[in-house]
Amino acid sequence: MVLFTGAATALLTPFTDNGALVDYDILSQQINWQIEQGIDALVIAGTTGETPALTKVEHKALIEFTVRTVSGRVPVIAGTGSNNTVETIEMTRYAHFVGADAALIVNPYYNKPTQTGLIAHYTAIHDATDILIILYNVPSRTGANIDPQTVYALSKLPRIIGIKEASNNFSQITEIARLISPDFALYSGNDDTIIPLLSLGGHGVISVASNIIPAEIHELTTAYLSGKGSLALQMQLKFKPLIDALFMETNPGPVKYASHLLGRDHGPLRLPMVAVDNHTRAALAEALGEYNFTKGWSNHLKNLLCS
């Protein structure tokens, strides 16, 4: 089952000025703006949402608030993973209870389980819950990789329906694409390589950049998936300087600052994350300067669509 095709935004978590509380007014505005811009799905409490810095109470409240605010307009995917299988089951059950459409579950970090351990971890979560599950492979953050044969084995479980692949290892991604069935969703976890992953039969992207340019990332994926590969490639290349700037430092530092520059302030980062340095700030300002955000669409996109 493919829950969505196209672009999902991995939402930022907005905090109040001192970082002590989640700012739900800003979150509501961001959710509604994303949907107005045509985004295909929303991910709450993922990496970009600074989930490791949330309390369990905040984590649950974020999921519940997002589901309620979205109100069925697009699929809501809740980040529920941790390096503790029991706690992951608890959070995944809660996401299902409050109405999330799926759970995005990162491979366990720090523990560095074997592939046998990963299969046991995800199988236990699957068997103890009733929600659709999307695997999330991001070895640069977790220290562990979900190998292609492991993805294939887990894809046989009926409610594990896809994977967000953020390894940037295209030999591995090609092997995953070879092994999985067409109805097992393959999503890019990297904004700079959306087109290469789609060319392997992928279904879309779970995006950081779409916090800034949701309409553009939606249009890029839609163009490719509707057979307009040349247009999609032009868009991927046009957006690359901005995407590069958004990853000059550890996510979500740059994208949170970029949002601030555009007047959509999400408050400070929570420790141990700190504000981006002056070099990154200057690069983001320069990259954003190429775009006209006042009307919601970039000049690049309008030019491409008219060409």
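**Close-up views of a predicted model**

**View 1. A right-handed β-α-β unit is formed by strand E6, helix H7 (residues 170–179) and strand E7.** A crossover is called right-handed if, with the strands pointing away from the viewer, the path from the first strand over the helix to the second runs clockwise. Helices (H or I, at least four residues) and strands (E, at least two) are DSSP runs, numbered from the N terminus. The model is a predicted one, in which local features need pLDDT of at least 70 and side-chain atom pairs count only at pLDDT 80 or more, while totals for chains, interfaces and linings use all residues. Residues are numbered from 1 along each chain as its sequence is written, and side-chain values use heavy atoms, with hydrogens and water left out.

**View 2. Strand E6 (residues 160–165) is flanked by its pairing partners E5 and E7.** Two strands pair if DSSP finds at least two bridges between them. Strand E5 (residues 132–137) runs parallel to E6 and is joined to it by five bridges; within this pairing, Ile-134 has Gly-162 of E6 as its bridge partner. Four bridges, again in the parallel sense, connect E6 with strand E7 (residues 185–188), where Ser-188 is the bridge partner of Glu-165. E6 is mostly covered, six of its six residues being buried. Buried means under 20% relative accessible area, exposed over 50%, and partly exposed in between (1.4 Å probe, protein chains only).

**View 3. Eight strands close into a barrel with parallel pairing.** The order of the strands is E1-E2-E3-E4-E5-E6-E7-E8. On average, and with direction ignored, neighbouring strands of this sheet are turned by 25 degrees against each other. For such angles, axes are lines fitted to C-alpha atoms, for helices over the stretch in contact, and angles run from 0 to 180 degrees between N-to-C directions. Five bridges pair E4 with E5 in the parallel sense, and Ala-103 stands opposite Ile-133 in E5. In a regular strand the side chains alternate between the two faces of the sheet.

**View 4. Ala-102 is found in strand E4.** Its relative accessible area is 0%, so Ala-102 is buried. Residues up to four places away in sequence aside, Ala-102 touches Leu-3, Val-76, Ile-77, Ala-78, Ile-131 and Leu-132; a contact means heavy atoms within 4.5 Å. Asp-277 is 175 residues from Ala-102 in sequence, and their C-alpha atoms are 36 Å apart in space.

**View 5. Tyr-110 is placed in the loop between strand E4 (102–106) and helix H4 (115–128).** Tyr-110 counts as exposed because its relative accessibility is 73%. Its contacts, not counting residues up to four places away in sequence, are with Asn-83 and Thr-142. Ser-140 is 30 residues from Tyr-110 in sequence, with 11 Å between the two C-alpha atoms.

**View 6. Glu-58 and Arg-270 form a salt bridge, with 2.8 Å between the closest N and O atoms.** Glu-58 lies in helix H2 (residues 56–70) and Arg-270 in the loop between helix H11 (253–261) and helix H12 (278–288), so this pair ties together parts that are 212 residues apart in sequence. Both residues, Glu-58 and Arg-270, are buried. A salt bridge is a side-chain nitrogen of Lys or Arg within 4 Å of a carboxyl oxygen of Asp or Glu; the structure holds seven of them.

**View 7. Further salt bridges involve helix H2, including that between Glu-90 and Lys-60 (3.1 Å, N to O).** Distant parts of the chain are linked by this pair, with Glu-90 in helix H3 (residues 85–98) and Lys-60 in helix H2, 30 residues apart. Glu-90 has a relative accessible area of 31% and is therefore partly exposed. A salt bridge also joins the side chains of Glu-64 and Arg-68 (3.0 Å, N to O). Both of these residues lie in helix H2, four residues apart, which is about one turn of the helix. Glu-64 counts as partly exposed at 26% relative accessibility, whereas Arg-68, at 51%, counts as exposed. Lys-56, Lys-60 and Glu-90 are joined into one network by salt bridges that share partners.

**View 8. The confidence of the prediction is given along the chain by pLDDT.** pLDDT is the predictor's confidence in each residue, from 0 to 100. The chain has a mean pLDDT of 94, and 95% of its residues reach 70 or more. Over residues 294–307 the pLDDT is below 50, and this stretch has 28 contacts in the model beyond near neighbours in sequence.
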